[in-house]
Amino acid sequence: PEQRALRRQDARMVRYDAAAGRVELGSHRDGTLLTVNIALNGLEQYRGGGTRFEALSAAATGAAAAATARGDSQDVGGVVKMECGHALLHPGDARHSGEPM
């Protein structure tokens, strides 16, 4: 599509606050063509967190089972963590969640 055809549909900021009990974001779809996640804090500023994608988790579960059967120890999962300022683009209809912090 032409550049003029692309536009921002919605903007949303998710702010986690342990003192207020906001430490995760449940599984959902955004309902957009494309979603952009931007990390506003460095990884050293919190524990846990990250964006879990169900499709990656399902693939990782299969990989983990195969690794266990082979006797390998692998750390596989469907969670993407980013450094401050990094961006993650994904289809808005990909089912995902914010991991607990």
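Contact means that heavy atoms lie within 4.5 Å. This is a predicted model, in which local features need pLDDT of at least 70, side-chain atom pairs count only at pLDDT 80 or more, and totals for chains, interfaces and linings use all residues. Residues are numbered from 1 along each chain as its sequence is written, and side-chain values use heavy atoms, with hydrogens and water left out.

**View 1. The whole protein chain has 1 helix and 6 strands.** Helices (H or I, at least four residues) and strands (E, at least two) are DSSP runs, numbered from the N terminus. Read from the N terminus, the order is β-β-β-α-β-β-β. The protein chain has 101 residues, and 21% of them count as buried. Buried means under 20% relative accessible area, exposed means over 50%, and partly exposed is in between (1.4 Å probe, protein chains only). Take the contacts between residues at least 6 apart in sequence: 83% of them join residues at least 24 apart. The accessible surface comes to about 7600 Å². Carbon and sulfur atoms own 51% of that surface. Such areas come from the Shrake-Rupley method with a 1.4 Å probe; for residues, only the protein chains shown count as cover.

**View 2. An open sheet is built from 4 strands.** Their order is 1-6-3-4, and the pairing is antiparallel. Two strands pair if DSSP finds at least two bridges between them. Strand 1 (25-28) and strand 4 (79-80) are the edge strands, each pairing on one side only. Strand 3 (residues 51-53) runs antiparallel to strand 4, and 2 bridges join them.

**View 3. T51 sits in strand 3.** Is T51 buried or exposed? T51 has a relative accessible area of 13%, so it is buried. Its bridge partner in strand 4 is V80. Which residues does T51 touch, not counting those up to four places away in sequence? They are N37, G78, V79, V80, L88, H96 and S97. E24 is 27 residues from T51 in sequence, and their C-alpha atoms are 9.7 Å apart in space.

**View 4. Strand 2 pairs with strand 5 (residues 87-91).** The two strands run in the antiparallel sense, over 5 bridges. L34 has P91 as its bridge partner in strand 5. Strand 2 shows two faces. T35 and N37 make up the covered face. L34, V36 and I38 make up the uncovered face.

**View 5. The largest pocket has a volume of about 1600 Å³.** Strand 1, strand 2 (34-38) and strand 6 (96-98) are the elements that give two or more residues to its lining. Strand 2 gives the most, with 5 residues. How many residues line the largest pocket? The lining has 41 residues, and R12, V14, V36, N37 and I38 lie nearest the centre. The lining divides into 19 nonpolar, 12 polar and 10 charged residues. Here Ala, Val, Leu, Ile, Met, Phe, Trp, Tyr, Cys and Pro count as nonpolar, Asp, Glu, Lys and Arg as charged, and the others, Gly among them, as polar. On a 1 Å grid over the protein atoms alone, a pocket is an open set of points with protein on both sides within 12 Å along at least five of seven lines; lining residues have an atom within 4 Å of a point. Grid points are joined across faces, edges and corners, and a volume is the space filled by probe spheres set on the points.

**View 6. H86 lies in the loop between strand 4 and strand 5.** H86 counts as partly exposed because its relative accessibility is 45%. Leaving aside neighbours within four places in sequence, H86 is in contact with N37, I38 and A39. A39 is 47 residues away from H86 along the chain, yet their C-alpha atoms are separated by 5.8 Å.

**View 7. D93 lies in the loop between strand 5 and strand 6.** D93 has 51% relative accessibility, so it counts as exposed. D93 touches R29 and T32, not counting residues up to four places away in sequence. L34 is 59 residues from D93 in sequence and 8.1 Å from it in space, C-alpha to C-alpha.

Terms used: 1 Å grid on protein atoms, 1.4 Å probe; cavity = no way out; pocket = protein on both sides within 12 Å on 5 of 7 lines; lining within 4 Å.
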